[in-house]
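This report looks at one buried side chain and its surroundings, and then at a pocket in the protein. Please keep the sequence and the structure in view while reading.

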Amino acid sequence: MRRYILNGPAVEPLSLPEIKRWLRVDHSDDDGLILGLIKAARERIEARTGRALMAQSWRIILDRWPGDGRILLPLMPVLSVTAVQISDTAGVLIPLAPTTYRLEPGSEPPLLAVTGAPQPGRDRNGIEIDVVAGYGLSGEDCPEALRQAMRLLVSEAYERRGPDQAENRRAPTAVEIEALISPYRSIRLGKSALEQAA
């Protein structure tokens, strides 16, 4: 199974004015830097938790359907499955009818159940599944613990920028951040049926 992003989030979990209030910054000189730190903090938390914080579009590619038709999706939470396509022998992608697949509600990791779908016509990369993953479209949709972890990451990076800030460095916040994100980390015990089939 492979995956890649189609469209990143339209907004971040924390806005620039919100994080500037948190940092007690009342000028605009560092706005570009702070925006970059917000994005980096989100990406870091997403990498550590395996969760998409804001709505974003992804494509998941696999070779064959697993025997039981149950696919554990590698992203969470999944808001919707927007398309499922399989390739024919010529490599042309054919959309599957939405009645052939269903996102199981409340499943974590997200489970896509596929019934009656034919195997693709080629051996490699024959199935494409497009999903929207994330907590929602607004920063408030993201769990507050993950937003707080982002605040701490941005604060730490902002305070530690540049060699001239060595005197003002505070103690690392790694323990605080880990405590905030650990309930959201996904743990996989072995390979899913999808990973075994890919």
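## Gln56 and its burial

In this predicted model, Gln56 has a relative accessibility of 4%, and because buried means under 20%, Gln56 counts as buried. The residue has its place in strand S2, a strand that covers residues 56-62.

Leaving aside residues up to four places away in sequence, Gln56 touches Ile5, Asn7, Gly8, Pro9, Arg42, Glu46, Val131, Val132 and Ala133.

## Polar partners of the Gln56 side chain

Which side chain makes a polar contact with the side chain of Gln56? The partner is Trp58, and the distance of this contact is 3.1 Å. A polar atom of the Gln56 side chain also lies 2.9 Å from the backbone oxygen of Met54.

## The largest pocket

Gln56 is also one of the residues that lie nearest the centre of the largest pocket, a group that further holds Glu46, Ala47, Arg51 and Trp58. The lining of this pocket has 14 residues in total, and the space within the pocket comes to about 210 Å³.

Strand S1 (2-7), helix H2 (31-49) and strand S2 (56-62) are the elements that each give two or more residues to the lining of the largest pocket, and H2 gives the most, with 4 residues. By residue class, the lining of the largest pocket divides into 6 nonpolar, 3 polar and 5 charged residues.

Notes:
Residues are numbered from 1 along each chain as its sequence is written. This is a predicted model: local features need pLDDT of at least 70, side-chain atom pairs count only at pLDDT 80 or more; totals for chains, interfaces and linings use all residues. Side-chain values use heavy atoms; hydrogens and water are left out. On a 1 Å grid over the protein atoms alone, a cavity is a set of points where a 1.4 Å probe fits but cannot get out, and a pocket is an open set with protein on both sides within 12 Å along at least five of seven lines; lining residues have an atom within 4 Å of a point. Grid points are joined across faces, edges and corners, and a volume is the space filled by probe spheres set on the points. Ala, Val, Leu, Ile, Met, Phe, Trp, Tyr, Cys and Pro count as nonpolar, Asp, Glu, Lys and Arg as charged, and the others, Gly among them, as polar. Buried means under 20% relative accessible area, exposed over 50%, partly exposed in between (1.4 Å probe, protein chains only). A polar contact is a pair of N or O atoms within 3.5 Å; within protein, one must be able to donate a hydrogen and the other to accept it, and residues adjacent in sequence count only if both atoms are side-chain atoms. Contact means heavy atoms within 4.5 Å.
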